[in-house]
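These are my notebook entries on one protein chain. I set down what I looked up, item by item.

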Amino acid sequence: MLDQGAVGPAYVRCAEGFALAAIIAAGAVAARALSLIGALSATVEGGLVFAFGGLGVAGAMVAFFGSSSVLGRLGGKQAEEIRARSAKGGRRDALQVLANGGVAAACAVASAVVRAHGAEHTPLAPDPWLTAAIGALAAASGDTWSTEIGALARGPVRSVLTGRAVAPGTSGGASLIGTLAAPLGGAFVGLIGALLTHPHAWGWVPTALVAGLAGSAFDSLLGASLQAVWRCEVCGRVDEDRAHRCSGGISSGPARTLTLERGLAWMDNDSVNALATALGAALGFTLAFV
Ligand SMILES: [Zn+2]
């Protein structure tokens, strides 16, 4: 049994959750890990997760955002350039925060809705919706660890689809060290979540390990296939980012000179991340019954 409901009425937990999330988000803004609007988004997500998912899921979320920010600062100029290309690193904006934590927040709310409707018929512990939230966070974490640690790698980066060598930081590219980092990133958030849940939900660790690997692999697969790649008509640069500035330093205005090179126009990095966390949630939910 998860220790839910024993911590006071819902509105008190909500107030506590938003206050706690706001303090952490303010710290992240001060550390330049979040933009102001990203912090607002993180406060809403974090508040919902703490109020409805409990300390374990909230701790897993903090472990994900915290470890991602720390890893994103490692390495020198080369790693920085790779991260700039992958459009994943750096300060997180609102959409990035939503893409990475939105599914987990929705799962936490779903668990509370199910509990409120008297889910006595699901005596299985831990709650599958909370395991789904852990799976979503593990997928996001696995993918981010893989990207950030992969940016430090010196070895070759290959497309997961064609096996051809690609530039480091290219979506759909995978290095050996980045691939190994994915399950670790997942297991890390699962471990923090398990430690902060009473009684400890140790089953979350292997589930999160699997979700971390699967989330990262799915992200790479989408990155190599359906993710939009744009070509600039002015400078010829091919980029995943729609907010393009010509290499010559001349601002070309967003999107006006960009044509779709391949992929689906709406499938940007945030959509790919959101889909990968949805897969992590589905895996978490399913594995809760194993
Ligand atoms: Zn250009």
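**Entry 1: Asn273**

I began with Asn273, which is buried, as its relative accessible area is 7% and the cut-off for buried is under 20%. I placed Asn273 in helix H8. I then looked up its distance to Ala139: the two are 134 residues apart in sequence, yet 8.7 Å apart in space, C-alpha to C-alpha. I note here that the model is a predicted one.

**Entry 2: the chain as a whole**

I turned next to the overall inventory. The protein has 8 helices and 5 strands. Read from the N terminus, the order of elements is α-α-α-α-α-β-β-α-α-β-β-β-α. The protein has 290 residues, and 48% of them count as buried. I recorded an accessible surface of about 13,500 Å², with 69% of that belonging to carbon and sulfur atoms. Among contacts with a separation of 6 or more, 74% are between residues 24 or more positions apart.

**Entry 3: H5 against H8**

Which residues of H5 meet H8? On the H5 side I listed Pro128, Trp129, Thr131, Ala132, Gly135, Ala136, Ala139, Ala140 and Asp143. On the H8 side I listed Asn273, Ala276, Thr277, Gly280, Ala281, Gly284 and Phe285. By class, this contact of H5 with H8 has 9 nonpolar, 6 polar and 1 charged residues. For the geometry, I found an angle of about 140° between H5 and H8, and their axes are 6 Å apart. H5 and H8 are therefore oblique to each other, since roughly antiparallel would require an angle over 145 degrees. The crossing of H5 and H8 is right-handed.

**Entry 4: Ala136 and Leu283**

I took one residue from each of these two helices. Ala136 lies in helix H5, which spans residues 128–150. Is Ala136 buried or exposed? I entered Ala136 as buried, because its relative accessibility is 0%. Beyond its neighbours within four places in sequence, Ala136 is in contact with Val103, Ala104, Thr277, Gly280 and Ala281.

Leu283 lies in helix H8. I entered Leu283 as partly exposed, because its relative accessible area is 24%. Not counting residues up to four places away in sequence, Leu283 touches Val210, Ala211 and Ala214.

I looked up two C-alpha distances for Leu283. Ala136 and Leu283 are 147 residues apart in sequence and 8.5 Å apart in space. For Leu283 and Ala132, the values are 151 residues in sequence and 7.0 Å in space.

**Entry 5: H4 against H8**

I then examined helix H4 (residues 94–116) with helix H8 (residues 269–287); they pack at an angle of about 20°, and their axes are 8 Å apart. H4 is thus roughly parallel to H8, because angles under 35 degrees count as such. H4 and H8 cross in a right-handed sense. From H4, the residues that meet H8 are Leu95, Gln96, Ala99, Asn100, Val103 and Cys107. Their counterparts in H8 are Asp270, Asn273, Ala274, Thr277, Ala278 and Ala281. I sorted this H4 and H8 contact by class and have 7 nonpolar, 4 polar and 1 charged residues. Asn273, the subject of my opening entry, thus appears in the H8 part of this contact and also in the contact with H5.

**Entry 6: H1 against H2**

How do H1 and H2 pack, and how far apart are their axes? Helix H1 (residues 10–30) and helix H2 (residues 36–71) pack at an angle of about 125°, and their axes are 7 Å apart. I therefore recorded H1 and H2 as oblique to each other. The crossing of H1 and H2 is right-handed. The residues that make the contact include Phe18, Leu20 and Ile24 of H1, and Leu48, Phe50 and Phe52 of H2. The contact of H1 with H2 has 17 nonpolar, 4 polar and 2 charged residues by class.

**Entry 7: backbone features in loops**

Last, I looked up two loop residues. Arg32 sits in the loop between H1 and H2. Arg32 is not a glycine, yet its phi is positive, at about 60°. I entered Arg32 as exposed because its relative accessibility is 59%.

Pro199 is found in the loop between helix H6 (176–195) and helix H7 (204–225). The peptide bond from His198 to Pro199 is cis, and its omega is near -10°.

Conventions. Residues are numbered from 1 along each chain as its sequence is written. This is a predicted model: local features need pLDDT of at least 70, side-chain atom pairs count only at pLDDT 80 or more; totals for chains, interfaces and linings use all residues. Side-chain values use heavy atoms; hydrogens and water are left out. Axes are lines fitted to C-alpha atoms, for helices over the stretch in contact, and angles run from 0 to 180 degrees between N-to-C directions. Helices (H or I, at least four residues) and strands (E, at least two) are DSSP runs, numbered from the N terminus. Angles under 35 degrees count as roughly parallel, over 145 as roughly antiparallel, 65 to 115 as roughly perpendicular and the rest as oblique. A crossing is left-handed if the near helix is turned anticlockwise from the far one by less than a right angle, and right-handed if clockwise. Contact means heavy atoms within 4.5 Å. Ala, Val, Leu, Ile, Met, Phe, Trp, Tyr, Cys and Pro count as nonpolar, Asp, Glu, Lys and Arg as charged, and the others, Gly among them, as polar. Buried means under 20% relative accessible area, exposed over 50%, partly exposed in between (1.4 Å probe, protein chains only). Accessible areas come from the Shrake-Rupley method with a 1.4 Å probe; for residues, only the protein chains shown count as cover.
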